[in-house]
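Student: Could we walk through this fold together, starting with the sheet and ending with a single side chain?

Tutor: Gladly! Let's bring it up on the screen.

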Amino acid sequence: ERNWPEILWYISDELSNGGEKSAKEGVELAKLLRKVPGIRTIASMNGPWEHIMVPHLTISMPNIAFPVNEETIKMIRKAGSEFWLYNCGDERLTLGLYPWRVGAKGRFQWHYRGMNADPWDDLDGTGSDIIYTVALTGPEGPVPTLKSQMVMNAVYDHRYAATLEKAVERA
């Protein structure tokens with residue numbers, strides 16, 4: 001009623017790493033937070049242990065280890081949880097057309113600068129592991145990488161597919 005922005009409360013990240021105990025703790029946290037008015041709860045899930053959380057989340061955001069397949073997508077929807085994707089690959093296809101194809105309402109992907117090196121010095125001896133990096137720190141500010149162009153193209157792919165789908169529905 002006040003036109004405040006929506007709040008997505010990100011409650012957990014990959015609780016399956018901690019096994020059944022961690023997933024059960026995630027369920028209890030999700031149950032508590034569902035009582036908070038005006039928020040939606042979301043969790044990134046990376047394994048079968050976290051299946052028990054789905055009925056208690058507003059948004060379920062699995063990755064491929066959950067796994068993401070027809071059975072789990074149906075299970076998420078049947079529980080009344082919104083289906084998003086999480087870290088399902090950082091390629092153009094998995095960022096753009098894949099979420100559209102499986103009917104995900106949202107998509108989250110790590111994009112960070114993952115190196116312990118000077119990005120401008122290939123000879124500093126520490127390597128240049130720039131996995132998921134969409135920008136580097138430059139002397140004058142952020143410098144986009146080729147990955148950022150690919151992410152932009154993936155967004156356009158998704159928008160194009162969604163637009164085409166709506167046009168076909170209208171026709």
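**Strands, helices and one residue**

Tutor: Keep in mind that this is a predicted model. A good place to begin is the unit made by strand 1, helix 1 (residues 19-33) and strand 2, a right-handed β-α-β unit.

Student: Helix 1 lies across strand 1 and strand 2, but at about what angle does it run to strand 1?

Tutor: Helix 1 covers both strands of that unit, strand 1 and strand 2. Its direction relative to strand 1 is about 165°.

Student: How do strand 1 and strand 2 pair, and which residue of strand 2 stands opposite Asp13?

Tutor: Strand 1 covers residues 7-13, and its pairing with strand 2 is parallel, over 6 bridges. Within strand 2, the residue opposite Asp13 is Ser44.

Student: Is strand 2 largely enclosed or not, and how many of its 7 residues are buried?

Tutor: Buried here means under 20% relative accessible area. Strand 2 spans residues 39-45, and it is largely enclosed by the rest of the structure because most of that stretch is buried: 6 of the 7 residues.

Student: Over how many bridges does strand 2 pair with strand 3, and what stands opposite Met45?

Tutor: Strand 3 takes in residues 59-62, and it joins strand 2 in the parallel sense over 4 bridges. The residue of strand 3 that faces Met45 is Pro62.

Student: Which residue is the bridge partner of Ile59 in strand 4?

Tutor: Strand 3 and strand 4 (residues 82-86) run parallel, joined by 2 bridges. In strand 4, Ile59 is partnered by Glu82.

Student: Which strands sit at the edges of the sheet?

Tutor: The open sheet has 5 strands in the order 1-2-3-4-5, with parallel pairing. Its twist averages 25° from one strand to the next. Strands that pair on one side only are the edges, and these are strand 1 and strand 5 (106-108).

Student: Where does helix 2 pack, and what angle does its direction make with that of strand 4?

Tutor: Helix 2 (residues 70-78) packs on the sheet, where it touches strand 3 and strand 4. With the direction of strand 4, its own direction makes about 135°.

Student: Is Thr72 buried or exposed, and which residues does it touch?

Tutor: Thr72 belongs to helix 2. Its relative accessibility is 5%, so Thr72 counts as buried. Leaving out residues up to four places away in sequence, Thr72 touches His51, Phe66 and Pro67.

Conventions
Residues numbered from 1 in each chain as written. Predicted model: local features only at pLDDT ≥ 70, side-chain atom pairs only at ≥ 80, totals over all residues. Heavy atoms only, no water. Buried < 20%, exposed > 50% of the residue type's maximum accessible area, 1.4 Å probe, protein only. Pairing = 2+ DSSP bridges. Right-handed = clockwise from strand over helix to strand, strands pointing away. Axes fitted to C-alpha atoms, helices over the stretch in contact; angles between N-to-C directions. Contact = heavy atoms within 4.5 Å.
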